[in-house]
Amino acid sequence: MKCVICGSFATNYNEAEQPTCSRHTKEKAKAPKCPVCKHETVLRTGKWGSFWGCRMYPNCVGTIKI
Ligand SMILES: [Zn+2]
Ligand SMILES: [Zn+2]
């Protein structure tokens, strides 16, 4: 699990239920834009941890690694 803000090891969750390190529990990560279609992404959790997935899924499968 990685901090959504800095990418270091996450030990906590912020108020938006995003994994964060101890330094960033008070911050919320802003959803980046999908690299494929430029729509917003949403935080998803998969087998290998959290990632930003396109809001238009399954029509678009753009993802951004955290
Ligand atoms: Zn952090
Ligand atoms: Zn997309």
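**Glutamate 40, two domains and a core**

Glutamate 40 sits in the loop that links β2 (19-20) to β3 (41-46). Keep in mind that this is a predicted model. The domain assignment cuts the chain into domain 1 (1-29) and domain 2 (31-66). Here's a quick tour, starting with that glutamate.

**Around glutamate 40**

- Glutamate 40 has 13 other C-beta atoms within 10 Å. A residue needs 20 or more to be called buried and 12 or fewer to be called exposed, so glutamate 40 comes out as partly exposed.
- Leaving aside residues up to four places away in sequence, glutamate 40 touches Ala31, Lys33 and Arg55.
- Threonine 11 is another story: glutamate 40 and threonine 11 are 26 Å apart in space, C-alpha to C-alpha, with their positions 29 residues apart in sequence.

**How the two domains meet**

- Going by C-alpha atoms, the centres of domain 1 and domain 2 are 17 Å apart.
- Where they meet, 6 residues of domain 1 are in contact with 4 residues of domain 2.
- On the domain 1 side of that contact you'll find 3 nonpolar, 2 polar and 1 charged residues.

**The core and cysteine 3**

- The largest nonpolar core is made of 6 residues: Cys3, Val4, Ile5, Ala10, Trp52 and Ile66.
- One of those core residues, cysteine 3, has contacts with Ser8, Ala10, Pro19, Thr20, Cys21 and His24, again skipping residues up to four places away in sequence.
- Ala10 turns up both among the contacts of cysteine 3 and in the largest nonpolar core.

Note on methods
Residues numbered from 1 in each chain as written. Chains lettered and ligands numbered in written order. Predicted model: local features only at pLDDT ≥ 70, side-chain atom pairs only at ≥ 80, totals over all residues. Core = buried A, V, L, I, M, F, W, Y, C linked by C-beta atoms within 7 Å. Contact = placed C-beta atoms within 7 Å. Helix = DSSP H or I, 4+ residues; strand = E, 2+ residues; numbered from the N terminus. Domains from an automatic or database assignment. Nonpolar A, V, L, I, M, F, W, Y, C, P; charged D, E, K, R; others polar.
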